[in-house]
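User: Please take a close look at one part of this model, the largest pocket, and describe its lining. Please then set it beside other local features of the chain.

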Amino acid sequence: MIGRTVSRHRSGSCDFHPNGVAVRCLDRDLLGTSSCRFPVGARMEMSIESWFNLHYYGFGHGQECDDYDDEEEESEEDELVPQEPVEEVDDREFPFHDDVFYINLKGPRVRTGFDNLPMEIMLNIFRFLNSVDRDSAALTCKRWFDAMGYREFLDEVCFHFEEVSICDGTPPIALFLRSFRHFSNIKLTRVQFNGYSEFWDVFGENIREITFCNCVTLTKSKLTMILKRLPFLECLVLEEADEFFKTWTPVELKRIEPVCRCLRKLALRKSNAFTVDHLYYLVAMGPNISALEISKCLKQIDAPTRVKILTTILAIMKMRKKKLQAVDFSYTMYDDLFLKQFAEIENMSLSQISLSFFERAPIKDPGIIDILRCQSAIVHLDLSSFLNLTDFALIEISTSLRMLKTLKLNGCWLLTDFGVESIYQLDRLQVLDLSDCDKISDRGFMKAIVDKRRDCMSQLYLSMLPGLTDSVILKICLTLLNLTVIDFCGSDCMNDTSVQFLFCYLKCLRILRLNGCVKISDAGLTGENLPVAVIEIWDTQTTFSVSELRSLQELQLSGCFKVTDFTLTHSFRFRELRELNLAHCVQISELGIEAMSRNCPALEQIDLSDCFHVNDKCVEALAKNLLRLRSLKLVRLPLITSASVDALVQYAKALRYLYIRGCNKIPKDAPERLKKIATLRNIPKC
């Protein structure tokens, strides 16, 4: 039943086995030459396996088959067995006949066509990659391209159209209309709408989220026309839409169109011109809305109008209380009475709340306490810049919200150790932000976090905390071993010794932010020339380097003026580092920049502002060696000249954002020359 033909394969090409583990190189010479002979059974097994791998995984379709020309070298046993060609069936689910399929089951490494495990393994691998890496990987083969097309990966990519015309005959819309992929997240900023466009008919069924930001030409009729072509839209965002709301008058509430059945989130941001009728109309368009966001709004309107709109928001929440799960009123102007009425809404169970408060709150029984007592199912709570949040409110949070996973208290300056100590009751906490709560000290933080093991905690933000000392850093490292994000910007507790503890224990770190930590020097980052070793056992002293954080993707060292070329040369060896901030590191120069550009090939964003020794050779090294460079900040650099502009034009083929200001030697015609960079989105004004 097994023929003597094998699918044509290039010499040395890879055969990806369905087991997902074994990867074997098939060489045509090994299969068709007389120098390497196989027994009949071995030849039969290899023929079946290679045919299965080629056709199940998409390799070799439409290619011819070669016969063995060496018939004289066949064994007598082989001649006695009648040979029948295997009929090629293009069926991914069951590509073989029963008898051939039975033989395949006996093969040690052959997998059936019903198993979807290989794609699942590929998806898990893709989850470790960022969007840029996934786009590059998708160019490898069709199977990898199909893996990138999964919904969770598409949602992470936002296609941003900025200051363009939505017209089928002009770029970029003309280019997108010829695209063979679809898009789920689109943002339109200051775009011009010129009549009807086929773009919405072609891609509308795949769009799940759309944002209109400062679109002056957007009208009610154009918005209706677009939304009618987005049948599966889940999120609608209107940002800086004052001009849109001003043109949308009067509002006719008798006929609501379109009705977006799949709409789950409605967001209004940085807008002040919407009215009560606008709110009712937009909410009526989405009968299944479960998330309502009105952030950074109602700042430039009179008090009676603001009260009327806030009353309408409460009425909408009462009307949709059974479906509403998340609300976001951060940085929107409201008073304590609004919070009181918010808490009085019965039978509403929210899982996510974001609130900011700037007005004076009553000392006794503030409205936020009532909300916390009623909404016990909250999982994500963001109270950043809630200026009147007291210790008693934080105690209520820790007592009532036992399911809390995210707690953000950035800028709540009234909090003290008395309230922070109660955080130890939150067993499921994963994200904690206590930045700029300057009354917190070691005692409160130790009782809140360090005295209890927290394996699930992944993000910790402790910037601008003068009350913390370096003695608490070791406790953090020994307790929170699974941290991936840590922020100590502007904190005095970070010095050469404490930063060594981070490198020693927190091996899973992906984001490390140390902006403004002026005590950190080369000794702490490299582990060399330290006065006291971090670990000392008998005569053995052990130090650590920042290069041991092999998973690091973002590193912020702005203002660490003691960092020199020594650190960049000896310790900057990161294969995954994408973002680096070295602004105000005045001692780095050409030697360190060149070494860093060679040893950190994945860098995409770099900030070298106010690094006075950075010259043209530094910029040329970055442009040559960093093929993924997308954002570059060169602000107030007196040594760079037109040679830097020429280097960027010649080598920076992926550059999108370039910031050049305060560079006195840059010629005036630099903006015109920089237009030659096809990918550049902003042309700096030199």
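Analyst:
**The largest pocket and its surroundings**

The lining of the largest pocket comprises 42 residues, and those lying nearest its centre are Cys158, Phe159, Arg630, Arg656 and Arg681. The structure is a predicted model, and the space within this pocket amounts to about 1800 Å³. Sorted by class, the lining has 18 nonpolar, 14 charged and 10 polar residues. Four elements each supply at least two residues of this lining: the helices α6 (131–137), α7 (142–148) and α9 (173–176), and the strand β5 (159–162).

Confidence should be considered alongside this description. The protein chain has a mean pLDDT of 83, with 82% of its residues at 70 or more. Over residues 1–117, however, the pLDDT is below 50, and this stretch has 144 contacts in the model beyond near neighbours in sequence.

Phe176, which falls within α9 (173–176), is among the residues touched by Phe203. Phe203 itself belongs to helix α10, which spans residues 199–203. Leaving aside residues up to four places away in sequence, Phe203 touches Phe176, Leu177, Ser179, Arg181, His182 and Phe183. With Leu177, the separation is 26 residues in sequence, whereas the C-alpha to C-alpha distance is 8.7 Å. Phe203 counts as buried because its relative accessible area is 3%, under the cut-off of 20%.

A second buried side chain, this one charged by class, is found in a loop. Glu421 lies between α18 (417–420) and β17 (431–433). Its relative accessible area is 17%, so Glu421 is also classed as buried, the limit being 20%. Apart from residues up to four places away in sequence, Glu421 touches Arg443, Gly444, Lys447 and Ala448.

Burial can also be followed along a whole helix. In α21, which covers residues 496–505, 8 of the 10 residues are buried, and the helix is thus mostly covered. The buried positions are Asp496, Ser498, Val499, Gln500, Phe501, Leu502, Phe503 and Cys504. An α-helix has 3.6 residues a turn, so residues three or four places apart point the same way. In α21 the buried residues include an unbroken run from Ser498 to Cys504. At the N-terminal end of α21, Asn495 acts as a cap, with a side-chain oxygen 3.1 Å from the backbone nitrogen of Thr497.

Note on methods: Residues are numbered from 1 along each chain as its sequence is written. This is a predicted model: local features need pLDDT of at least 70, side-chain atom pairs count only at pLDDT 80 or more; totals for chains, interfaces and linings use all residues. Side-chain values use heavy atoms; hydrogens and water are left out. Buried means under 20% relative accessible area, exposed over 50%, partly exposed in between (1.4 Å probe, protein chains only). A polar contact is a pair of N or O atoms within 3.5 Å; within protein, one must be able to donate a hydrogen and the other to accept it, and residues adjacent in sequence count only if both atoms are side-chain atoms. pLDDT is the predictor's confidence in each residue, from 0 to 100. Contact means heavy atoms within 4.5 Å. On a 1 Å grid over the protein atoms alone, a cavity is a set of points where a 1.4 Å probe fits but cannot get out, and a pocket is an open set with protein on both sides within 12 Å along at least five of seven lines; lining residues have an atom within 4 Å of a point. Grid points are joined across faces, edges and corners, and a volume is the space filled by probe spheres set on the points.
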